[in-house]
Amino acid sequence: MTSLLPHVVIHTDGACSGNPGPGGFGAILAFGDHEKELKGGEANTTNNRMELMAAIAAFEVLKRPCRVDLHTDSQYLRDGITKYIAKWKQNGWLTADKKPVKNVDLWKRLEAALAPHQVRWHWLRGHSGHAQNERADALAREAIAEIRGAGAALG
């Protein structure tokens, strides 16, 4: 039955200029010969929030359940969703040190967005010449530049 689901390959990246500071995310979704690029950002955010937003944005544009291979250079994202989230939820969104989990709003949003899909998470080394990862990084940086430009126009 798995093979009946459409297969989508996603590459994501987040970036921040200052941490916190202006941040952006980029995502590339590939389905067969079709590609879709996404980008966005916030004026005052963190790199980790942008890594999460890249994945969230990608999942939220999918119109039906899919088999997804998501590639990220963020161990925070991959490990958070594959290793830690179940325990965080069990502990009332507290870490093993009994401190509040950071970015709970986005972890919850990500979990909801990926729920209908069958997802395999892949980590790859960032800035190592992987074409799709480099493109996702470029999209994130474009979003930062657009945010800075908008701020300058309002200034």
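Which residues have the most contacts inside the largest nonpolar core? In this predicted model, they are Leu29, Phe59, Leu70, Leu77, Trp107, Leu110 and Trp121, and the core as a whole has 32 residues. Two or more residues each come from β1 (7-16), β2 (21-31), α1 (47-61), β4 (67-72), α2 (75-90) and α3 (104-114). The largest share belongs to α1, with nine residues. As a rule, nonpolar side chains in soluble globular proteins tend to be buried together.

Leu29 gives a feel for how these pieces meet. Setting aside neighbours within four places in sequence, Leu29 is in contact with Val8, Val9 and Ile10, with His34, Glu35, Lys36 and Leu38, and with Ala58, Val61 and Leu62.

Then there is α2, home to another of the core's best-connected residues, Leu77. Leu77 is buried, and so are Asp79, Gly80, Ile81, Ile85 and Trp88 in this helix. Their cover includes β1, α1, β4, α3 and β5 (118-123). Now for the helix itself: α2 bends by about 65° at Tyr84. Even so, its end-to-end span agrees with expectation, because 16 residues at 1.5 Å a residue should cover 22 Å and the end C-alpha atoms lie 21 Å apart. After α2 comes Gly92, with a positive phi near 70°.

What about the cysteines? Cys16 counts as buried because its relative accessible area, 16%, falls under the 20% cut-off. Cys66 is buried as well, at 5%. As for disulfides, the structure holds zero.

Conventions
Residues numbered from 1 in each chain as written. Predicted model: local features only at pLDDT ≥ 70, side-chain atom pairs only at ≥ 80, totals over all residues. Heavy atoms only, no water. Disulfide = S-S within 2.5 Å. Buried < 20%, exposed > 50% of the residue type's maximum accessible area, 1.4 Å probe, protein only. Core = buried A, V, L, I, M, F, W, Y, C linked by side-chain atoms within 4.5 Å. Helix = DSSP H or I, 4+ residues; strand = E, 2+ residues; numbered from the N terminus. Contact = heavy atoms within 4.5 Å. Expected span 1.5 Å × (residues − 1). Bend = angle between axes of the 7 residues up to and from the residue.
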